[in-house]
2 protein chains.
Amino acid sequence: MAMSVIDFLFGRPLRSSEESTERLGPAAGIPVFGLDALGSAAYGPEAALTLLISLGALSIIYIVPITISIVVLLGIVYLSYRQTIEAYPQGGGSYTVAGQNLGVFAGLLAATALMIDYVLTAAVGISAGVGALVSAVPKLHPHILGLCLAILVVITLVNLRGSRETGFVFMIPTYLFLASLGGTIVLGIGKALLAGGHPTPIETPPPLPSATAAVGLWVLLKAFASGCTAMTGVEAVSNGVAAFKEPVVHSARRTLTTIIACLALLLLGIAYLCRAYHIGAVEPGPGYQSVLSQLTAAVVGRNVFYYVTIGCVLLVLAFSANTAFADFPRLCRLIAEDGYLPIPLAERGRRLVYTWGITVLALLCGALLILFGGVTDRLIPLFAVGAFLAFTLSQAGMVGHWLRNNGSRMHIFLNALGALATAGTVIIVTVTKFLAGAWITTLLIPIIMLMMFSIRRHYDELQAQIAQPGHLDLAKVRPPIVVMPMMAWNRVSRAGLQFAFNLSSEIYVVHVSTAKDDASPEKEKDEFVRYWRGTVEEEVRKSGLQVPQLKVLKSPYRAVIMPIVDYALELEAKHPGRQIAVIVPELVEKHWYHNFLHNQRARWLKTALLLRGNRRIVIVDVPWYIDKI
Amino acid sequence: MAMSVIDFLFGRPLRSSEESTERLGPAAGIPVFGLDALGSAAYGPEAALTLLISLGALSIIYIVPITISIVVLLGIVYLSYRQTIEAYPQGGGSYTVAGQNLGVFAGLLAATALMIDYVLTAAVGISAGVGALVSAVPKLHPHILGLCLAILVVITLVNLRGSRETGFVFMIPTYLFLASLGGTIVLGIGKALLAGGHPTPIETPPPLPSATAAVGLWVLLKAFASGCTAMTGVEAVSNGVAAFKEPVVHSARRTLTTIIACLALLLLGIAYLCRAYHIGAVEPGPGYQSVLSQLTAAVVGRNVFYYVTIGCVLLVLAFSANTAFADFPRLCRLIAEDGYLPIPLAERGRRLVYTWGITVLALLCGALLILFGGVTDRLIPLFAVGAFLAFTLSQAGMVGHWLRNNGSRMHIFLNALGALATAGTVIIVTVTKFLAGAWITTLLIPIIMLMMFSIRRHYDELQAQIAQPGHLDLAKVRPPIVVMPMMAWNRVSRAGLQFAFNLSSEIYVVHVSTAKDDASPEKEKDEFVRYWRGTVEEEVRKSGLQVPQLKVLKSPYRAVIMPIVDYALELEAKHPGRQIAVIVPELVEKHWYHNFLHNQRARWLKTALLLRGNRRIVIVDVPWYIDKI
């Protein structure tokens, strides 16, 4: 029953051999690896316009050249990544490319930057999606954080089912998004051209505020830096090449080209329409309207088409987080396989997905959403530093790759250009956004890298300790000394003692007396000790076996665990070279909640023995199952 | 280091023989067992006046007869409990008295009522204390719940240290409270008498609202029922007689007499002054002022004395919760010793206090405070039902006691009177408060009792199953069959195998292959299986010992735990009468957080074996400690 609920939520378990059926063609690849890049068209222009609010009406003049610069940068990065796909058909994420060509440090730096970026991609995608929803349905304004978290849960569950089904789930909204937003833009441009560049909006957007600052380089750079968030997610395809259908390079390149072309057209179209329709950003808070909501309402009015478009924006933005869920776990696996992240991150779960990676991402993303209240604007400044740092290291690595593998001059030139352009962007983004949040990213990167190196050192030292086991010591094979704690004589302790006889003839039965020092220990002795001396010892003697030694320990502080551990350690010290087996008879209840009814001495004893023991002390758990209660 | 922090917070561990030094005289007994009763003077009159708000100016007329009825009832209950202390010098709580004289059902009913009551006592005490604080410092109004929880934490820590020190901690505020509030009342009465019953307040209390309802029996009964909360906590002394110094009965009676006399005088004094100074209750919310705050400000003004008095009210109210912390765990212990509550509740911790009882009470009280936002008025209606039900059952039990033990007519009469009076009150409280919250209590009582009976049944059946172990089966002593899972050959698995040879000569080494069905298993076989066949088997053969059988299990779903468990079950089925020892080699890290670096297979395997195994499958945990990383 419990299993079938799990199957329903997560799908049936998949065999390792079913892996190849989980590969993607371009049609399914665009939703899986392109949602992030495409979805960012919805928050990139908005982020740039938000920085320009202080310029008033001039903001819609400057958005056009800023967008053009971003699209040029996008083109350079596109050409670079085409070459990466070609050179690394087995998957050439920044971690691999930088690591193989520039060394471990550069690889881990790129990986760290990218990991931070994926977490932010997920958080920003979800929060911007909810922002679109709130623009359409202002009543939902107080529930922003709750909506964000609900969407996060859905995405997490879908991803735990596995990547092929993920592709299908996200296909319809992605193509509907391209069709509806693309349609709006085409229609808007047509209307604008017919009206000589000055179309009449069907729903007039809120008036642009009056300027409060003069145009300056600083504000334009900040707007450019914010707008660059539109480019995050571009590396997803090259990172995930291995997930594509044969011929891998061809499928991946077609997917990348389609994604970048759509993204560039969307960005340019939005910028042009903002200028034509006089649409600027609106400060967050009550009355907030996203740029895309204003734009759609201006072009088509608030009719069914508006709601379909905004619905698709919501879905695509929210699910653009899915790119992070597809790529973050794959990245973690690569790093974990190299020993720089915990090994459970490299293990695939029952549905062939990296369960732990997905879970870690979901938790980090949830924490971020809660911390920043689900407001996109507060998350944007942390963003983009990571993505562009990874771009830079990846392109620089590609330059190294071509130099060593006799690449053509064109190859080298394109990747070097990409590296320089993105390096410049990293500097612009870090400097202009430092105080607004980029400092957090700048601080996290060295902390995470330190953690990674110390994890690797731990594994190395561990490996050195457990490797080269040498020979078995078979000359000294000898039954262990058995320590058998016994509080009372019943079927549970009898089962333990019975097993003790199977193990060894040297048995020490330990009874802990918790009575007051003076009065009752005699009574307690009467109960257990008398029965032991009278009946049990007699029985053993008659059978010809060696009679176990009874040791009564007093415990004035009522602790029963530590005296037993101490006694085992004492015996171990007295018998060098021998192994001590401590038998822990354990009552196993049928239902977990019945555990509250017992004092869990067996569990505490096992834990204490593990913590305070040593390699010669072995714990033998003899379970005693209750029939049915 | 960790130990010394614990010692600092909770005090050094105490020997069982130190118990007698933990007993109380009347001077320390009043704070420990009387804080609840005395503190309720601060919320009882207020609760009654709150119900009378709708009567406007008439409320202060009717508060006097209502208070007199409550004090008469208090007198009857006092006389009853004096007799209980006499008859049960070893501690005569309602559970004991009702259980011994009216049967198990009545005893558990009384106990359940009392347990609910203790939780409410703690919650109401704390919330009313914070109410007093907020009256004096209105700025703190938004932090009511936070303050409540902080006080709860302090009380819990103090109680985990043990009861004698608890007495000392609460002594000063208790006596300061009696002195300052008593002083205010005496001064106020003096002023009122001098002014012919119409004194001039120094700070004029808020005007009484105009009447919105006519005087009726229903509203007076409701006010009476709410005012009865002032009587909760009166049974604490008789319940805890055993904690007093010798002569026990004398000490306990003197303590009870003092508590009741002080309480009666406070209640009458407050009622008189409310009437003389025209002080009514104020609705909760901003601008809230507690009755005691108005009263003190009216009599002495808002000077240092006012703040001292309110400070003492806060401390006493908040710490009146302490009565619950002293008595709830003791009650739980009695019930647990009879098998109706989980046995851990009957065990004393390192400081001779019932750690689990205190913890459970703290959690329930915290939940209640969070649920009701720390507002006293919302908690009051749940209250009092439990206390008066316990009173009734206890007095009725005493009647039975005297009948069977030849008590005097006076004895029988007083307890019967007490039973009737309190039974009447139970009916009034339940009926008048049913919709406002008493239904919750009425519903909880049968649920908790059902739980208690099913716990007892569980213990009984368990006892029946494990008792009478019969004879050891010593004819069949024979080494177990050993199952040894091995993923790789290293020092950890070598240590496990080494121990396996100590146990038995029948060893099955199980290797789980998680590779894809077709390709890589051969490679995997190469790595481990080849080494095993080539080196290890050879080594064992040379030593003359029996070579362990190697079994390779394939796991297409990448699960490594279940195949091992299934194999152990299979072996067990094949060898009836034999015991199977599954050896689980376990890497023990020095730091707990290092556990995240490993996939915890050993732990999962142990859990799965315990859950799916049976009595013939024994788990042998061979720890391998890492030296120092």
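The paragraphs below lead from the overall make-up of this predicted model to its cores, its helices and its salt bridges.

Chain A is a convenient place to begin, since 20 helices and five strands are found in it. Of the 629 residues in chain A, 58% are buried, and among the contacts in this chain with a separation of 6 or more, 80% are between residues 24 or more positions apart. The surface that chain A exposes comes to about 25,400 Å², of which carbon and sulfur atoms supply 66%.

From the surface one can turn to the interior. In soluble globular proteins, nonpolar side chains tend to be buried together. The largest nonpolar core in this model has 149 residues, and A:Ile126, A:Phe177 and A:Ile335 are those with the most contacts inside it. Helix 5 of chain A, which runs over residues 104-136, gives the most to this core, contributing 22 residues. Leaving aside residues up to four places away in sequence, A:Ile335 touches A:Tyr95, A:Leu108, A:Ala111, A:Met115, A:Tyr340, A:Leu341 and A:Met452. Another core, of 148 residues, lies apart from this one, and includes B:Leu108, B:Leu317, B:Tyr340 and B:Cys365.

Nonpolar residues also appear on the outside, where A:Phe434, A:Leu435, A:Trp439, A:Leu443, A:Leu444 and A:Ile447 make a nonpolar surface patch of about 620 Å². One of these, A:Ile447, is found in helix 16 of chain A, which covers residues 409-466.

A contrasting case in chain B is B:Ser226, which is found in helix 8 (residues 217-227). With a relative accessible area of 1%, B:Ser226 counts as buried because that value is under 20%. The residues that B:Ser226 touches, not counting those up to four places away in sequence, are B:Gly44, B:Ala47, B:Ala48, B:Leu51, B:Ile380 and B:Lys433.

Further along chain B, helix 19 (residues 561-574) has 14 residues and reaches 20 Å from its first C-alpha to its last, close to the 20 Å expected at 1.5 Å a residue. Its buried residues include B:Ile561, B:Pro563, B:Tyr567 and B:Glu572, and what covers the buried residues of this helix includes strand 1 (481-485), strand 3 (549-554) and helix 20 (601-612) of chain B. In chain A, helix 20 (residues 601-612) has 12 residues and reaches 16 Å, close to the expected 16 Å, and among its buried residues are A:Ala602, A:Leu605 and A:Lys606.

The last topic is charge. Side chains of opposite charge can pair when their charged atoms come close, and the count over all chains comes to 26 salt bridges. One of them joins B:Arg578 and B:Glu506, whose closest N and O atoms are 2.6 Å apart. B:Arg578 lies in the loop between helix 19 and strand 4 of chain B, and B:Glu506 in the loop between helix 17 and strand 2, so this pair ties together parts that are 72 residues apart in sequence. B:Arg578 is buried, with a relative accessible area of 8%, whereas B:Glu506 is partly exposed at 21%.

Another salt bridge lies within a single helix: the side chains of A:Asp460 and A:Arg456 meet at 3.1 Å, N to O, and because they are four residues apart in helix 16 of chain A, about one helical turn separates them. Both are partly exposed, A:Asp460 with a relative accessible area of 39% and A:Arg456 with one of 28%.

Technical notes:
Residues are numbered from 1 along each chain as its sequence is written. Chains are lettered from A and ligands numbered from 1 in the order in which they are written. This is a predicted model: local features need pLDDT of at least 70, side-chain atom pairs count only at pLDDT 80 or more; totals for chains, interfaces and linings use all residues. Side-chain values use heavy atoms; hydrogens and water are left out. A nonpolar core is a set of buried Ala, Val, Leu, Ile, Met, Phe, Trp, Tyr and Cys residues joined through side-chain atoms within 4.5 Å. Buried means under 20% relative accessible area, exposed over 50%, partly exposed in between (1.4 Å probe, protein chains only). Helices (H or I, at least four residues) and strands (E, at least two) are DSSP runs, numbered from the N terminus. Contact means heavy atoms within 4.5 Å. The expected span of a helix is 1.5 Å times one less than its number of residues. Patches are made of residues with over 30% relative accessible area and no salt bridge: like charges are joined within 9 Å, nonpolar side chains (Val, Leu, Ile, Met, Phe, Trp, Tyr) within 5 Å. Accessible areas come from the Shrake-Rupley method with a 1.4 Å probe; for residues, only the protein chains shown count as cover. A salt bridge is a side-chain nitrogen of Lys or Arg within 4 Å of a carboxyl oxygen of Asp or Glu.
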